[in-house]
Amino acid sequence: ISPIETSLMKASALLLIGFGNAGAKLVKKSLNEKNSSSLITLKNDPFANKFRGIFGYIGIRNYEGLTQILREGIVLLVNQVAEIVHGIVDEYGGFVASNTGDGFLLVWKLAETFKKNEKFTKRSSTMFGTSVSVEPTAEDMRRVVELATTAVCQILCAVERSPCLVE
């Protein structure tokens with residue numbers, strides 16, 4: 001891999017972290033447009049759609065005070081917290097939509113959580129030899145709420161127990 005390709009891959013990873021999952025789609029769409037006058041335009045954007053999901057926010061308490069004390073070390077702290085948050089949220093079927101520096105926006109899209117979870121992938125009906133997805137039931141939605149709630153509790157416990165963050 002050439003140094004230019006390596007740099008582009010690193011820049012792409014930083015864009016994904018900075019803009020989040022939804023923002024990455026917008027950037028990709030804008031970069032693929034031939035006559036785009038600006039990098040990102042939300043006008044008539046196909047990704048600006050509605051979905052059902054569970055949202056959560058995990059904030060780093062006293063972030064501004066920590067920034068003044070740790071200075072450059074704040075990046076290490078945020079990265080250590082991010083590693084915990086991303087790992088647990090992914091394990092429980094969600095994703096981190098964005099990192100605002102002092103916090104993380106967490107999302108569990110109902111449809112995507114069903115695809116990731118073995119229990120939900122079995123819930124499809126076959127009609128005339130074609131697989132048709134089944135609309136999530138109230139029980140399915142309750143399960144996603146449980147996954148999201150459990151993930152947030154696990155994150156709080158993991159941050160509290162982390163030997164890297166105790167210092």
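Here are three short exercises on packing in this structure, each with a worked solution.

The model is predicted, so to speak on paper: local features need pLDDT of at least 70, side-chain atom pairs count only at pLDDT 80 or more, and totals for chains, interfaces and linings use all residues. Residues are numbered from 1 along each chain as its sequence is written, and side-chain values use heavy atoms, with hydrogens and water left out.

**Exercise 1.** Work out whether Ile58 is buried or exposed, and which residues it touches.

Step one: find Ile58 in strand β1, residues 53–59 (strands are DSSP runs of E with at least two residues, helices runs of H or I with at least four, numbered from the N terminus).

Step two: check the accessibility. Ile58 sits at 9%, so it counts as buried (under 20% relative accessible area; over 50% is exposed and in between is partly exposed, with a 1.4 Å probe and protein chains only).

Step three: skip neighbours within four places in sequence and list the contacts (heavy atoms within 4.5 Å). Ile58 meets Asp102, Gly103, Phe104, Leu106, Val152 and Ile155. Take Gly103: the pair is 45 residues apart in sequence, yet C-alpha to C-alpha they are 5.4 Å apart.

**Exercise 2.** Find which element gives the most to the largest nonpolar core.

Step one: pick out the core (buried Ala, Val, Leu, Ile, Met, Phe, Trp, Tyr and Cys residues joined through side-chain atoms within 4.5 Å). The largest one has 24 residues, and Val85, Ile88, Val89, Phe104, Leu106, Trp108 and Ile155 have the most contacts inside it.

Step two: see who supplies it. α3 (74–91), β3 (103–109) and α6 (138–161) each put in at least two residues.

Step three: α3 comes out on top, giving nine residues.

**Exercise 3.** Describe how α3 packs with α6.

Step one: take the axes (lines fitted to C-alpha atoms over the stretch in contact, with angles from 0 to 180 degrees between N-to-C directions). They come within 9 Å and cross at roughly 150°.

Step two: name the arrangement. α3 and α6 are therefore roughly antiparallel (over 145 degrees; under 35 is roughly parallel, 65 to 115 roughly perpendicular and the rest oblique).

Step three: list the residues. Ile84, Val85, Ile88 and Val89 in α3 meet Ala151, Gln154, Ile155, Ala158 and Val159 in α6. By class, that's eight nonpolar, one polar and no charged (Ala, Val, Leu, Ile, Met, Phe, Trp, Tyr, Cys and Pro are nonpolar, Asp, Glu, Lys and Arg charged, and the others, Gly among them, polar).
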